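Please look first at how the ligand is held, and then at the protein as a whole.

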Amino acid sequence: MLSQRTWEAALGALQVEVPKADFAAWFRDARFVRAGGREIVVAVPTVFAKEIVTRRYREMVARAVSKAHGGDVDVTFVVQAEQPAGPPAWLADPAPAPAPVPAAAPPAGTAPGVRLNPRYTFERFVVGSSNRLAHAAALRVSERPGDVYNPLFLYSGVGLGKTHLLHAIGRAVLAQRPETRMRYVPCETFVNELLHAIRTEGRGDRRRRFRERYRSVDLLMVDDVEFLSRTEASQEEMFHTFNAIYEAGGQIVLTSDRPPREIARLEARLRSRFEVGLVADIQAPDLDLRRMILHQHAAASGASVSDEVVDFLADRITRNVRELEGALTRTLIYAELHGLELQPAAAEQALSGLGRAAASRPPATAAILAATSRHFDVSQDALLGKRRDARTAGVRQVAMYLMRNDGRETLPEIGRVLGGRDHTTVLHGCNKIERRLKLEDQLKADIEAIRVHLSD
Ligand code: ADP
Ligand code: MG
């Protein structure tokens, strides 16, 4: 029987065959996921690692596994970020146990009780002059929740580390005080849950449960509170939630894309509450910080990247850390695909491909479908068919998103190409991906990787 044992035996053989440094870089974090029939599925932690092992080692790995098994076996690599060891029950709402987390399925992050991204820690947050205050304040809060800076209100443009700091606070607090009742929620989720509770009020005690869930915590973190301004009911609810936690000595941390006084239509009483602690901003990173972040990201990807390449990227991408990391991932994959040395020239080509793809010929729907199917290892038939499990549906939505944004197709046309779906289904899918992209850097990297293949 194919099993974890088979994989371990194969790994032992690979360790002998693969140069030591390469083994450490690409196989140390590879983990057995499942096996069935003649196939074994192995997870690696990053999109880049998946590209490397698939291109360089797939055959070698298949041989090693086949040998260990004593018959032909095919190997599939998937991307699977490290999962936090079981989160405390109150972090996640009771929900059916999730299937083994596939790369494309919405992780708990999209469920009501959001899990923390294991990558978003204080250790991995690079500090520079533009984020020093925000970082120091977040660290203080994590050491003494409820005691200083309450609430802590962080604001900045997109992709500058607000969510990273929130998750870091959550993780650090849990490490020091595991008994803390904590809730992290994107504001949009808070609003949607509330509206849902209000709509279904007649049929039970949802509203009450909603209140209990949010008001009975020691640490409440709400991400992107500018989203509140859209509905009155949510402002009212937030006001009372805030007061309940504050008065009980709990800690509140909020983030937004702007300071409280600039949030449109924010009630004065909420604004004054938001401002009563510390309001700290994060500015765009300076050149030094951009370099340091790139070096760290490269190291975490298992790639060795020269100063020249780092400088090239740091010079060009200046306003958004997420884009900075995306550009590096793209460069790594591009160089790997084309067998190029990691030089600034490769980075330039990788980034110009991006410009070209966006500027002239949009990729064809057929190419998008094929590339998406290949990247996630979900068959095109499944994507065109009726399957609605989370993984297939998630991958299908990625295809919709790419057809809409990169392929510039109309919604009805996308629906037609994807097995005759309604245009509202397509719109829903595109919106879903846009929302997930705000929360899931892994998905962002997946989409970047597909784009690299498409721009070839
Ligand atoms: P925001 O919530 O402000 O839009 P995120 O927290 O999602 O931004 O950050 C975007 C990406 O950039 C994440 O992958 C995050 O880890 C990374 N990032 C941002 N700032 C830093 C930093 N100072 N050090 C390391 N990574 C960072
Ligand atoms: Mg964010």
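In this predicted model, ligand 1 is surrounded by 19 residues. Arg119, Val126, Gly159, His164 and Arg322 are the closest of them. Sorted by character, the shell around ligand 1 consists of seven nonpolar, seven polar and five charged residues.

Where in the chain do residues of this shell come from? Two helices, α5 (162-176) and α12 (321-338), each contribute at least two residues to the shell around ligand 1. In terms of domains, at least three shell residues come from domain 2 (132-282), and at least three from domain 3 (287-359).

Several polar atoms of the protein can be placed relative to ligand 1. Lys162 has a polar side-chain atom 2.8 Å from an oxygen atom of the ligand. For Gly161, a backbone N or O atom lies 3.1 Å from an oxygen atom of ligand 1. With Asn131 the partner is a nitrogen atom of ligand 1, which lies 3.2 Å from a polar side-chain atom of this residue. On its own, ligand 1 has 560 Å² of accessible area, and the protein covers 97% of that area.

Now turn to the protein as a whole. The protein has 456 residues, and 50% of them count as buried. Its secondary structure comprises 19 helices and eight strands. Among contacts between residues at least 6 apart in sequence, 73% join residues at least 24 apart. The exposed area of the protein is about 21300 Å², of which carbon and sulfur atoms supply 50%.

Terms used
Residues are numbered from 1 along each chain as its sequence is written. Chains are lettered from A and ligands numbered from 1 in the order in which they are written. This is a predicted model: local features need pLDDT of at least 70, side-chain atom pairs count only at pLDDT 80 or more; totals for chains, interfaces and linings use all residues. Side-chain values use heavy atoms; hydrogens and water are left out. A residue is near a molecule or strand if one of its heavy atoms lies within 4 Å of it. A polar contact is a pair of N or O atoms within 3.5 Å; within protein, one must be able to donate a hydrogen and the other to accept it, and residues adjacent in sequence count only if both atoms are side-chain atoms. Accessible areas come from the Shrake-Rupley method with a 1.4 Å probe; for residues, only the protein chains shown count as cover. Helices (H or I, at least four residues) and strands (E, at least two) are DSSP runs, numbered from the N terminus. Ala, Val, Leu, Ile, Met, Phe, Trp, Tyr, Cys and Pro count as nonpolar, Asp, Glu, Lys and Arg as charged, and the others, Gly among them, as polar. Domain bounds come from an automatic or database domain assignment. Buried means under 20% relative accessible area, exposed over 50%, partly exposed in between (1.4 Å probe, protein chains only). Contact means heavy atoms within 4.5 Å.
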